[in-house]
Amino acid sequence: MTIRARAALLLAPLLVLTACAAPAASPTMAPATQAPATQAPMTEAPMTEAPMTEAPMTETPATSTPAAEPDGHLARILEADTIIAFTDPAYPPQSFLNEETGDYEGFDIDVTLEIAERLGVSNVEFTTPSFDLVVAGNWADRFDMAVGSVTITEPRREVLDFTQPYYFTPAQLATHPDAGITDIAGFAGETICVGEATTYLDWLEGTLQLPAEAGEVADPPEGVVSTTLPTDLDCATAWQSGRFEFNGWLTAQPTAQAAIDEAFPVVLVGDPVFFEPLAVVFDGSVEDNDSLVAEVDRILGEMHADGTLTELSEKWYDGLDLTSQ
Amino acid sequence: MSGETVAQADQPTVVERLARAKVRARRLFRFKFFVVWVVLVAGFGVAFWFAGRVDPEFLRVSGPIIILRGVQITILLCLSSIVLATILAVLGALGRLSTNAYINGVASLYVSVVRGTPLLVQILFIYFGLPQLGIVLPAIPAGIIALSFNYGAYMTEIFRAGIQAVPPGQREAAAALGMPEHLIMRRIVLPQAIRIVVPAIGNEFIAMLKDSALVSVIAVQELLWWAQRLGRSALQPMTGLLLAAVVYWILTMAFSLLQERLERRLARSDR
């Protein structure tokens, strides 16, 4: 009896130790195997074009020259030779899991890998906490960067650091076929479903403050009420399963289109209500982010100029170039 | 267990006939029970299938990934957590029964705080709170700590009850033999208490299997995470959730069976 009890006591910490050791290996594997395949064709382009196109397309902070001496957060990333990036693979075609292999795929994933490549960092680790934790800031050093199609808004600037936009998505209203809504005004007094902590929720509540470069923002229909579900697609899933507590859905146009293509009961209504400038974000509570933000911003300018972003957008968004408005 | 009959002649005795009738009745009961399960489960399956909520292609292509990668992490999480939680619970129970006011205070506060706050809140605190103290644990260890911390508190009460359920005569007899206090606890009380609490620990473990789904919010890629992400990626969220539900159910059934066996084994000395 006592010998067995002692053996059990010895085994317990062992089990815990293996548990702690295992995760370190697993998350790195998926992106590592994927990196060479997706990056190979793109890496050649910047070599020939980059020198001629130093000036970024969109207005950039005064950082068009490469950061002279990497310091702070950037230096730590370069030294570790590893960048930890956020992604939430629940949003095809931005970020999703390959159905057959379970690997990360999508536009945001490719942009992340390209940024890492141009930073000169050889390992990319993806981490996947829920999206609302990312836009809340204070990442507690859990990840370095999020290429998560995050919209630039004024309130978010207080907790996050943004680069220039790397692409723009149209915010699209949609309904289900039985609702009989045919134009945007038809949503007056209706309930509209949106994903948690999204800019779509801000728009419905009248608190959306986009930067000037975002262009015109339509007014929300009169008397609309919002309801949230954990992620955008859950709204369409509710309709598919026969829940019709709400007649509206506001989401990114590609997301709504993907749902329609998969035979969800969804119809698009009217023109996009606004265009979201989507940027790479960093945790604003990190003190020494400046050179990292500047360097990634410069890289994005380069990727705009040499056509890499357009190429990736056309690859993932059915030939659409969403990199400018 | 079944009645041992004394065969005297060729004619079956009354006792024998009664025993056979009992066996037959039990078999019939099992058969009917089995039929009810098969019919109901098949009915639900068919209903989902024809409602168009199940995509066989998704199950074929992505199902194995969800099951292989997800179940692995879920079981790793739960086994590690139940071991840690048991250690915490033994310490907690000894603390709760301690006559030392400081130790008792700490243990009681632990139980009170953990049982008084939602598990999801505790998970988020450990994920985002600990790094502010300079401890940045990867997602899986953070999840294990959250689960064991939470379950340790509930199991503290289970162990406390188990220790108190050991008849006081046992303790008195050991004391009368001159056994020191710490040995009485280790050799006399705890072994008997553990036998009393094993069924309850099994229940906690099964509950934990399902609660472990909550740590998917802090980037632990367990069963529900894989089911949800692959489901959304393929725009088949319902199929993903349904698969996750079935797998959790099978897991809990398997562990219930194990628990039953363990209980039967531990109950042997009672006879």
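Me: What makes a residue of chain A count as buried, and what percentage of the 325 residues in chain A do buried residues make up?
Reply: In this predicted model, a residue is called buried if 20 or more other C-beta atoms lie within 10 Å of its own. Buried residues make up 46% of the 325 residues in chain A.

Me: Which secondary structure elements does chain A have, and how many residues of β6(A) are buried?
Reply: Chain A has 11 helices and 10 strands. In strand β6(A), 15 of the 16 residues reach the threshold of 20 or more C-beta neighbours within 10 Å, and β6(A) is therefore described as mostly covered.

Me: What makes β6(A) and β10(A) a strand pair?
Reply: Two strands pair if at least two bridges are found between them. Between β6(A) and β10(A) there are 12 bridges, in the antiparallel sense, so the criterion is satisfied. One of the bridges joins P165(A) to A279(A) in β10(A).

Me: Why is β9(A) also called a partner of β6(A)?
Reply: The requirement is again at least two bridges. β6(A) and β9(A) share 5 bridges, so they count as paired, and the sense is antiparallel. Here A174(A) has W249(A) of β9(A) as its bridge partner.

Me: Which residues of α9(A) are buried, and what do they pack against?
Reply: P254(A), T255(A), A256(A), A258(A) and A259(A) are the buried residues of α9(A). They pack against β6 (160–175), α8, β9 (248–252) and β10 (267–283) of chain A. Just after α9(A), A263(A) takes a positive phi of about 70°.

Me: How many residues does each chain bring to the contact between chain A and chain B?
Reply: Chain A brings 32 residues and chain B brings 33 residues. On the side of chain A that touches chain B, the elements giving two or more residues are α1 (2–39), β2 (96–97), α8 (233–240) and α9 (253–261). Of these, α1(A) gives the most, with 8 residues.

Me: What is the make-up by class of the side of chain A that touches chain B?
Reply: That side has 19 nonpolar, 8 polar and 5 charged residues.

Me: What is the secondary structure of chain B?
Reply: Chain B comes to 9 helices and 0 strands. From the N terminus on, its elements run α-α-α-α-α-α-α-α-α.

Me: How does the radius of gyration of chain B stand against the value for a compact globule of 271 residues?
Reply: A compact globule of 271 residues would have a radius of gyration near 18 Å, but chain B has 25 Å. The value for chain B therefore does not match the globule rule. The C-alpha trace of chain B spans about 70 × 65 × 25 Å along its principal axes. Of the 271 residues in chain B, 34% count as buried.

Me: What percentage of the contacts in each chain between residues at least 6 apart in sequence join residues at least 24 apart?
Reply: The figure is 73% in chain B and 78% in chain A.

Me: Why is L94(B) called partly exposed?
Reply: L94(B) has 18 C-beta neighbours inside 10 Å. A buried residue needs 20 or more and an exposed one has 12 or fewer, so L94(B) falls in between and counts as partly exposed.

Me: Where does L94(B) lie, and how many residues separate L94(B) and A107(B) in sequence?
Reply: L94(B) lies in helix α2 (residues 56–97) of chain B. L94(B) and A107(B) are 13 residues apart in sequence and 8.5 Å apart in space, C-alpha to C-alpha.

Conventions
Residues numbered from 1 in each chain as written. Chains lettered and ligands numbered in written order. Predicted model: local features only at pLDDT ≥ 70, side-chain atom pairs only at ≥ 80, totals over all residues. Contact = placed C-beta atoms within 7 Å. Helix = DSSP H or I, 4+ residues; strand = E, 2+ residues; numbered from the N terminus. Nonpolar A, V, L, I, M, F, W, Y, C, P; charged D, E, K, R; others polar. Rg over C-alpha atoms; globule rule 2.2 N^0.38 Å.
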